[in-house]
Amino acid sequence: GPESSGDGARYKGRGLIQVTGKDNYFWFAESIGISAEEASEYMSTFEGAAQSACFFWEQNKLNQWADAGDILTLTKRINGGTIGLEDRIKHYEHALHVLGV
């Protein structure tokens with residue numbers, strides 16, 4: 001909506017994956033039986049942050065890219081671009097090392 005609607009602040013990135021925008025809030029909220037406005041508050045909680053990330057992950061079928069170790073495609077699917085890709089790859093490789101994979 002227009003700036004005066006307050007939608008920018010209401011539907012800003014929240015959750016572990018930073019779900020953003022009124023449409024994404026609407027779809028997440030519908031999946032758990034609440035309003036988009038209620039989702040705005042819920043996603044600020046630990047449970048809501050985790051649940052919204054799981055919803056986004058499942059809706060966008062990201063497991064196939066994660067299972068393949070395709071950080072480039074995951075980054076593009078989640079962020080729409082490749083900003084931070086090198087850092088993400090570094091952390092991914094470190095996690096694999098720590099986990100002994």
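Lys-22 is partly exposed, with 44% of its area accessible in relative terms. The model in which Lys-22 sits is a predicted one, and this residue is a convenient place to enter it. The side chain of Lys-22 meets that of Asp-7 in a salt bridge, with 3.8 Å from N to O. This pair joins distant parts of the chain, since Lys-22 belongs to helix α2 (residues 22-32) and Asp-7 to helix α1, 15 residues apart.

Asp-7 has a second partner. Arg-10 also forms a salt bridge with Asp-7, and here the closest N and O atoms are 2.8 Å apart. Both Arg-10 and Asp-7 lie in helix α1 (residues 7-10), with their positions 3 residues apart, or about one turn of the helix. An α-helix has 3.6 residues a turn, so residues three or four places apart point the same way. Taken together, Asp-7, Arg-10 and Lys-22 are linked in a network of salt bridges.

How exposed or buried is Asp-7? Asp-7 counts as buried because its relative accessibility is 12%, and the limit for buried is under 20%. Arg-10, at 32%, is partly exposed.

The whole structure contains 3 salt bridges. One of them lies in helix α7, where Lys-90 pairs with Asp-87. In that pair the closest N and O atoms are 3.5 Å apart. Lys-90 and Asp-87 are 3 residues apart in helix α7, which means about one helical turn separates them. Asp-87 is partly exposed, with a relative accessible area of 40%.

It helps now to step back to the chain as a whole. The protein chain has 7 helices and 0 strands, so its pattern along the sequence is written α-α-α-α-α-α-α. The C-alpha atoms fill a box of roughly 45 × 25 × 20 Å, taken along the principal axes. Of the 101 residues in the chain, 26% are buried. The chain exposes about 6900 Å², and carbon and sulfur atoms supply 55% of that area. Among contacts with a separation of 6 or more, 29% are between residues 24 or more positions apart.

Helix α7 covers residues 85-99, and two of its residues show opposite surroundings. Leu-85 is in helix α7 and is buried, with a relative accessible area of 14%. Val-98 is in helix α7 too, but Val-98 is exposed, with a relative accessible area of 57%. Val-98 counts as exposed because its value is above the limit, which is over 50%.

What does Leu-85 touch, leaving aside its neighbours within four places in sequence? Leu-85 is in contact with Ile-71, Leu-72 and Thr-75. The C-alpha atoms of Leu-85 and Thr-75 are separated by 6.8 Å, while the two residues are 10 places apart along the chain. Val-98, for its part, joins Leu-99 and Val-101 in a nonpolar surface patch of about 360 Å².

The contacts of Leu-85 lead to helix α6, which spans 71-79. In α6, the residues Ile-71, Thr-73, Leu-74 and Thr-75 are buried. The buried residues of α6 pack against three helices: α4 (46-59), α5 (63-67) and α7. After α6 comes Gly-80, whose phi is positive, near 80 degrees.

Helix α6 also has a part in the largest pocket. Rolling a probe the size of a water molecule over the atoms shows where empty space is left. The largest pocket has a volume of about 190 Å³. Its lining is made by Trp-57, Ala-66, Ile-71, Leu-74, Thr-75, Ile-78, Asn-79, Arg-88 and Tyr-92. The elements that give two or more residues to this lining are α6 and α7.

Which helix gives the most to the lining of the largest pocket? Helix α6 does, with 5 residues. Two of the residues that line the pocket, Ile-71 and Thr-75, are also among the contacts of Leu-85. Ile-71, Leu-74 and Thr-75 line the pocket and are listed among the buried residues of α6 as well.

Key. Residues are numbered from 1 along each chain as its sequence is written. This is a predicted model: local features need pLDDT of at least 70, side-chain atom pairs count only at pLDDT 80 or more; totals for chains, interfaces and linings use all residues. Side-chain values use heavy atoms; hydrogens and water are left out. Patches are made of residues with over 30% relative accessible area and no salt bridge: like charges are joined within 9 Å, nonpolar side chains (Val, Leu, Ile, Met, Phe, Trp, Tyr) within 5 Å. Accessible areas come from the Shrake-Rupley method with a 1.4 Å probe; for residues, only the protein chains shown count as cover. A salt bridge is a side-chain nitrogen of Lys or Arg within 4 Å of a carboxyl oxygen of Asp or Glu. Helices (H or I, at least four residues) and strands (E, at least two) are DSSP runs, numbered from the N terminus. Buried means under 20% relative accessible area, exposed over 50%, partly exposed in between (1.4 Å probe, protein chains only). Contact means heavy atoms within 4.5 Å. On a 1 Å grid over the protein atoms alone, a cavity is a set of points where a 1.4 Å probe fits but cannot get out, and a pocket is an open set with protein on both sides within 12 Å along at least five of seven lines; lining residues have an atom within 4 Å of a point. Grid points are joined across faces, edges and corners, and a volume is the space filled by probe spheres set on the points.
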